[in-house]
Amino acid sequence: MITAKFENAPGILLIAPVRGLASEVPRVLAELEAFAPALVGFGLSSDELRSLHDYFVASDAEPIVPLTPNETSEVRGLVRFGEVRVPNPSFVEVLRWAWSRGLPTEPLDPDDERTAALFAEHIGYFELVRRTVRERRISRSPPAPSSPDEFALEWDRETASGRGSRDFAQARDEHLASRLPSLAAERRPLAVLVDRERFDSIRNLLTQGPPSTIA
């Protein structure tokens, strides 16, 4: 897990746990308890956030989650660092934490329709083929770095290193960052939870943004 606060946005805390790793959950919750946010934003679409709430927080029994071959390989590579859960336990437990306290939550990623449009805009046929090849290659031979943090970053570099994939990820991060000034103006302090591999991009967007639009 990694966190950041911002001089030009003192009311925002960015938290980025490694996706899937259960040991990240207590650290994330401790950060939230200390920060005491008035609103928690998630790097998820509205449909994704609603599904997490309906099936994993408000439901008495969790559903079985089918995994793609790529997701299965990611879990197998990450499990050497500890227990791994799907969906991301940090997102589920933070949502449960906020819900139990009556704190509002906000999806920060584009909705599914906009995400599909961004994907089509940035990832053409050849990039899609290259992504598929990269995913199959890493599925056969997952990275073996010395820490879960390095694993998350290397996994992302291997699967999304093409220009189209990078542009797609950047567009999604820019959408998220653009939402924060108005949310922080309404409810502050604001905690923002994203996957570890998105941290550097979003931190840079917030750091480089004009203070008058972020503060």
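In the predicted model, the buried residues of helix α4 are P89, S90, F91, V92, E93, V94, L95, W97 and A98. Because nine of the twelve residues of α4 are buried, the helix is largely enclosed by the rest of the structure. The cover over these buried residues includes the helices α1 (24–35) and α2 (46–57), together with the strands β3, β4 (105–107) and β5 (190–193). From its first C-alpha to its last, α4 reaches 16 Å, close to the 16 Å expected for its twelve residues at 1.5 Å a residue.

Aromatic pairing was examined across the whole structure, and four pairs were found. One of them involves α4: the ring centres of F42 and F91 lie 6.0 Å apart with their planes at 45°, and the pair is therefore classed as tilted, since stacked pairs require planes under 30 degrees apart and edge-to-face pairs over 60. This pair links distant parts of the chain, as F42 belongs to strand β3 (residues 39–42) and F91 to helix α4 (residues 89–100), with the two positions 49 residues apart in numbering. Both F42 and F91 are buried.

An edge-to-face pair is formed by F119 and F168, with a centre-to-centre distance of 5.4 Å and an angle of 80° between the planes. Here too, distant parts of the chain are linked: F119 lies in helix α5 (residues 112–122) and F168 in helix α8 (residues 163–186), 49 residues apart. The two partners fall into separate accessibility classes. F168 has a relative accessible area of 12% and is buried, whereas F119, at 28% relative accessibility, counts as partly exposed. The threshold for burial is a relative accessible area under 20%. Elsewhere, ring pairs join F81, F151 and W155 into a cluster.

The structure also holds one cavity of 30 Å³ or more, with a volume of about 40 Å³. Its lining consists of V18, R19, E74, L78, F151, A152 and E197. Two elements each give two or more residues to this lining, namely α3 (69–78) and α7 (148–159). By class, the lining comprises four nonpolar and three charged residues, with no polar residue. F151 thus appears in two settings, as a lining residue of the cavity and as a member of the aromatic cluster with F81 and W155.

Conventions
Residues are numbered from 1 along each chain as its sequence is written. This is a predicted model: local features need pLDDT of at least 70, side-chain atom pairs count only at pLDDT 80 or more; totals for chains, interfaces and linings use all residues. Side-chain values use heavy atoms; hydrogens and water are left out. On a 1 Å grid over the protein atoms alone, a cavity is a set of points where a 1.4 Å probe fits but cannot get out, and a pocket is an open set with protein on both sides within 12 Å along at least five of seven lines; lining residues have an atom within 4 Å of a point. Grid points are joined across faces, edges and corners, and a volume is the space filled by probe spheres set on the points. Helices (H or I, at least four residues) and strands (E, at least two) are DSSP runs, numbered from the N terminus. Ala, Val, Leu, Ile, Met, Phe, Trp, Tyr, Cys and Pro count as nonpolar, Asp, Glu, Lys and Arg as charged, and the others, Gly among them, as polar. Rings of Phe, Tyr and Trp (its six-membered ring) pair if their centres lie within 6.5 Å; planes under 30 degrees apart count as stacked, over 60 as edge-to-face and the rest as tilted. Buried means under 20% relative accessible area, exposed over 50%, partly exposed in between (1.4 Å probe, protein chains only). The expected span of a helix is 1.5 Å times one less than its number of residues. Contact means heavy atoms within 4.5 Å.
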